Amino acid sequence: MMDLLRSEPMQLVQLIIPMESAHCTISYLGDLGLFQFKDLNVEKSPFQRTYAAQIKRCGEMARKLLFLKEQMTKAGFTPSTRTTMSSNISLDELEVKLGELEAELAEMNTNTEKLQRSYNELLEYKLVLQKAGEFFHSAQRSATAQHKELEEHIHGERSIDSPLLLEQEAFANPSKQVKLGFVSGLVAREKSMAFERFLFRATRGNVYLKQVVVENPVTDPLSNSEVEKNVFVIFYSGERAKNKILKICDAFGANRYPFSDDIGRQYEMITEVSGKISELKTTVDIGQLHRANLLQTIGCEFDQWNLLVKQEKFIYHTLNMLNFDVTKKCLVGEGWCPVYATSQLQNALHRATSDSNSQVGAIFQVLHSTEMPPTYFRTNKFTSAFQEIVDAYGIAKYQEVNPGVFTIVTFPFLFAVMFGDWGHGICLFLATLYFILLEKKFLGQKLGDIMEMTFGGRYVIMMMALFSIYTGFIYNEFFSVPFEIFGRSAYDCRDPSCRDSTTIGLIKVRDVYPFGVDPKWHGTRSELPFLNSLKMKMSILLGVAQMNLGIILSYFNAKFFQNDVNVWHQFVPQIIFLNSLFGYLSLLIIVKWCTGSQADLYHVMIYMFLSPTDDLGENQLFIGQKYLQLFLVSLALVAVPWMLFLKPFLLKKQHKERHRGQLYAMLDNTDDSFELETHDHSHGHEEFEFSEIFVHQLIHTIEFVLGAVSNTASYLRLWALSLAHSELSSVFYDKVLLLAMGFNNLIILIIGIIVFIFATIGVLLVMETLSAFLHALRLHWVEFQNKFYEGDGYKFSPFSFGLISEDDNKMT
């Protein structure tokens with residue numbers, strides 16, 4: 001745990017790698033994941049770097065892999081994680097194989113698309129033949145019936161009422177009869193009404209349109225999507241009408257198909273089309289089966305190929321960060337690594353030299369630098385979430401005290417102070433236990449944003465739940481109901497009506513309740529004033545303790561970095577000022593609790609500054625309190641100018657002494673004019689701006705003095721949130737559950753239980769958890785960490801294959 005107190009010692013290292021072993025070396029370093037390379041070619045564009053062609057090549061392979069993945073997704077396949085025999089495929093072989101697979105799949109897609117379109121067209125054609133054939137058959141039967149009826153009228157007994165035109169039509173010259181043309185096909189049902197109106201207007205009603213509804217949706221050959229359609233037959237007269245009809249059909253996307261009015265020919269066409277459909281169906285199925293087998297084979301090896309391409313691209317990006325020495329035919333790289341990893345890195349370099357059959361080994365040498373190293377903490381799955389809470393505020397400066405160590409305890413504890421109920425704590429713990437027990441299952445799945453955040457912080461929530469159970473025992477609340485867990489109450493009723501009276505109605509009959517709040521306080525009239533006073537004073541004590549911890553940690557930072565000015569002129573006055581006011585207030589609270597005094601602490605603290613020489617009277621808690629207050633006020637008043645004035649003047653004095661020492665050193669080396677010039681340039685940027693330093697210190701002093709008051713008041717949120725949680729829990733229990741029980745009705749009781757469960761989960765276990773979490777986060781970031789934590793460092797980002805994201809198809 002104490003490894004987290006300060007970041008790992010880092011060192012700047014130079015690597016000189018022969019060209020023949022460069023790729024293998026970088027690959028082994030990526031497997032190790034403990035070296036952060038510096039970009040030594042910042043001035044060069046990506047296209048001017050040495051390995052731009054190789055990166056472009058990997059990008060093209062990544063594009064082909066993306067194409068294969070899209071094809072698998074469309075076919076409903078997912079990449080398999082099982083290993084295959086071709087696990088040692090090289091990049092050149094993979095490039096050739098991906099090109100072949102892309103070309104083969106593209107050809108398959110084109111052929112399948114053509115075949116599928118022909119198949120869909122034949123299905124539509126068959127529908128037209130069937131539906132239009134039915135129409136022609138019914139029309140022919142109707143015409144035959146009319147013809148028989150006409151013959152009966154002609155050869156039978158004629159009456160004066162018989163129509164003369166029937167006889168004229170029957171014996172008219174066939175050559176003079178008008179032969180109508182027709183167009184048949186399918187049109188989308190949603191367009192059918194507009195299609196009919198447009199035809200009528202364009203031809204001025206000189207067409208006859210017959211439409212038949214197709215019961216099931218039809219796959220459109222062009223869009224390859226299912227569409228509800230109608231079969232139509234349009235009868236017309238003349239070429240002009242025909243041309244108009246064809247144009248309208250094209251405009252409405254209606255598919256036209258040839259049709260014969262000869263019944264015998266219709267049967268032949270249906271038989272022919274059915275045969276073609278059967279042949280095409282077989283061909284399409286065989287093609288789909290072959291394509292599915294190919295995609296399944298690709299899916300077995302896709303993850304391995306994808307990882308190989310990403311790793312190669314990552315390696316070449318890293319190689320582009322190294323300097324190419326043309327004369328020595330080697331690559332020179334620089335970067336940061338932890339000190340403890342020196343032997344591991346050297347072993348990786350030796351392995352790379354032997355595996356690549358290089359005659360010259362890579363050189364590993366430590367450089368001395370004034371540049372600030374990156375910050376690296378070795379975390380595990382338990383501590384990483386707490387470290388992320390701190391890192392979200394700012395990355396720790398190199399080797400400054402890490403708040404993450406203390407956050408592991410203080411963060412869940414302050415949350416639990418606001419969330420104290422051991423019933424709710426158990427519910428929260430059981431929910432978290434589910435994620436912890438099945439963490440291996442969830443690690444391999446893609447979760448939603450909220451679920452992923454919850455799963456990532458499962459150990460934080462577990463600690464919050466455990467501390468909530470602990471504080472719930474202190475508050476003696478289980479869904480707002482008290483229990484005599486640790487023994488019987490110290491108080492008992494003087495008479496049966498004492499429940500509705502104040503605590504004066506209770507008499508002490510036993511020893512003090514051993515742990516937490518006595519259960520008899522719950523339900524009395526004085527419960528709220530008592531718990532208010534208890535939780536408010538407890539919040540101040542916790543706040544002052546945590547702020548003191550922050551100031552003490554600033555002392556350890558100053559000692560570690562050998563900054564005596566910060567020790568004597570920042571830490572000392574700050575600890576004096578804070579404890580002269582609020583440390584003294586904490587002392588008064590403890591004394592009042594121990595003595596049972598009725599002193600008004602508000603009055604004591606206010607008149608400590610307004611009238612420090614007045615007698616305290618009944619507010620005096622101990623002998624000599626007045627003189628102690630005068631001494632503490634004097635210390636607080638002295639601490640403010642101590643913080644403000646001494647540090648800027650001492651920094652100015654130190655700068656002058658350093659500058660004078662540099663001048664003497666330069667006079668000793670006057671023979672070397674170049675060296676003198678270098679010193680001049682290297683120290684020219686270190687000009688001391690006293691006004692800037694003084695204004696900065698003034699702001700820092702004002703911020704601390706005002707922050708000491710505001711931060712202490714800010715910790716009262718522990719009291720407010722704890723009280724709100726307790727009262728909400730009590731309201732849900734009394735006004736929902738108990739009220740439902742009072743009706744003596746099973747249905748109302750079930751409804752009441754359901755409402756109580758949903759209110760508890762939705763409000764207390766979700767909203768209140770989030771609220772208490774955010775308030776605890778604020779207390780750590782602002783009230784605690786601003787006392788010592790600078791957070792202006794940068795994170796150690798090693799070159800590691802383990803950091804390659806599955807969804808990152810391109811590296812910038």
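Start by selecting helix α1, residues 22-32, in this predicted model, and then display what surrounds it: the buried residues of α1 pack against β1 (10-18), β2 (36-37), α7 (263-319), β10 (330-338) and α8. To see which residues those are, colour Ala-22, Cys-24, Thr-25, Ile-26, Ser-27, Tyr-28, Leu-29 and Gly-30, the buried residues of this helix. Because 8 of the 11 residues of α1 are buried, the helix is largely enclosed by the rest of the structure. Just after α1, select Gly-33, which takes a positive phi of about 70°.

One of the residues of α1, Cys-24, leads to the next stop, for Ser-356 touches Glu-20, Ser-21 and Cys-24 when residues up to four places away in sequence are not counted. Select Ser-356 and follow the chain on both sides of it, and you will find this serine in the loop between α8 (342-355) and β11 (363-367). If you show the side chain of Ser-356, one of its polar atoms lies 3.4 Å from the backbone oxygen of Thr-353.

Continue along the chain into strand β11 and select Phe-364, which lies in that strand. Is Phe-364 buried or exposed? With a relative accessible area of 16%, Phe-364 falls under the 20% that marks a buried residue, and therefore it counts as buried. Around it, leaving aside neighbours within four places in sequence, you can pick out Gln-11, Val-13, Gln-14, Leu-15, Thr-342, Leu-345, Gln-346 and Leu-349, with which Phe-364 is in contact. One of these partners, Leu-345, is 19 residues away from Phe-364 along the chain, and the C-alpha atoms of the two are separated by 8.6 Å.

Now move to helix α5, residues 192-203, and draw a line between its end C-alpha atoms, which are 17 Å apart. At 1.5 Å a residue, the 12 residues of this helix should span 16 Å, and the distance in the model agrees with that. Next, colour Ser-192, Phe-195, Leu-199 and Thr-203, which are buried in α5. Turn the view until you look down the axis of α5: its buried residues fall within an arc of 55°, so they line one face of the helix. A general rule helps in reading such a pattern, since an α-helix has 3.6 residues a turn, so residues three or four places apart point the same way. On the face of α5 turned away from the buried side, select the exposed residues Met-193, Phe-200 and Arg-201. What covers the buried residues of α5 includes β3 (181-188), β4 (208-213), β7 (229-236) and α6 (239-251). Before leaving, select Arg-204, which follows α5 and has a positive phi, near 55°.

Two further residues with positive phi are worth a visit, and here it is useful to know that most residues other than glycine have a negative phi. Gln-399, in the loop between α9 (383-393) and α10 (404-418), is not a glycine, yet it has a positive phi of about 65°. Asn-744, likewise not a glycine, has a positive phi of about 55°, and its place is in the loop between α21 (717-741) and α22 (746-784). Gln-399 is buried, with a relative accessible area of 14%, whereas Asn-744 is exposed, with a relative accessible area of 74%.

For a loop residue of another kind, select Phe-483, which sits between α14 (458-475) and β12 (491-493) and is partly exposed, with a relative accessible area of 37%. Show Trp-422, Asn-476, Phe-478, Tyr-513 and Pro-519 as well, for Phe-483 touches these residues, not counting those up to four places away in sequence. Then find Lys-520, which is 37 residues from Phe-483 in sequence and 9.5 Å from it in space, C-alpha to C-alpha.

The last pair to select is helix α15 (residues 527-560) with helix α20 (residues 690-714), which pack at an angle of about 145° with their axes 10 Å apart. Their contact is made by Ile-540, Val-544, Met-547 and Ile-551 of α15 and by Phe-704, Ala-708, Asn-711 and Thr-712 of α20. Coloured by class, this contact has 6 nonpolar, 2 polar and no charged residues.

Finally, zoom out to the whole chain, which has 22 helices and 13 strands, and in which 42% of the 812 residues count as buried. Among its contacts between residues at least 6 apart in sequence, 81% join residues at least 24 apart.

Methods: Residues numbered from 1 in each chain as written. Predicted model: local features only at pLDDT ≥ 70, side-chain atom pairs only at ≥ 80, totals over all residues. Heavy atoms only, no water. Helix = DSSP H or I, 4+ residues; strand = E, 2+ residues; numbered from the N terminus. Expected span 1.5 Å × (residues − 1). Buried < 20%, exposed > 50% of the residue type's maximum accessible area, 1.4 Å probe, protein only. Arc of directions from axis to C-beta. Contact = heavy atoms within 4.5 Å. Polar contact = N/O pair within 3.5 Å; in protein donor to acceptor, adjacent residues only side chain to side chain. Axes fitted to C-alpha atoms, helices over the stretch in contact; angles between N-to-C directions. Nonpolar A, V, L, I, M, F, W, Y, C, P; charged D, E, K, R; others polar.
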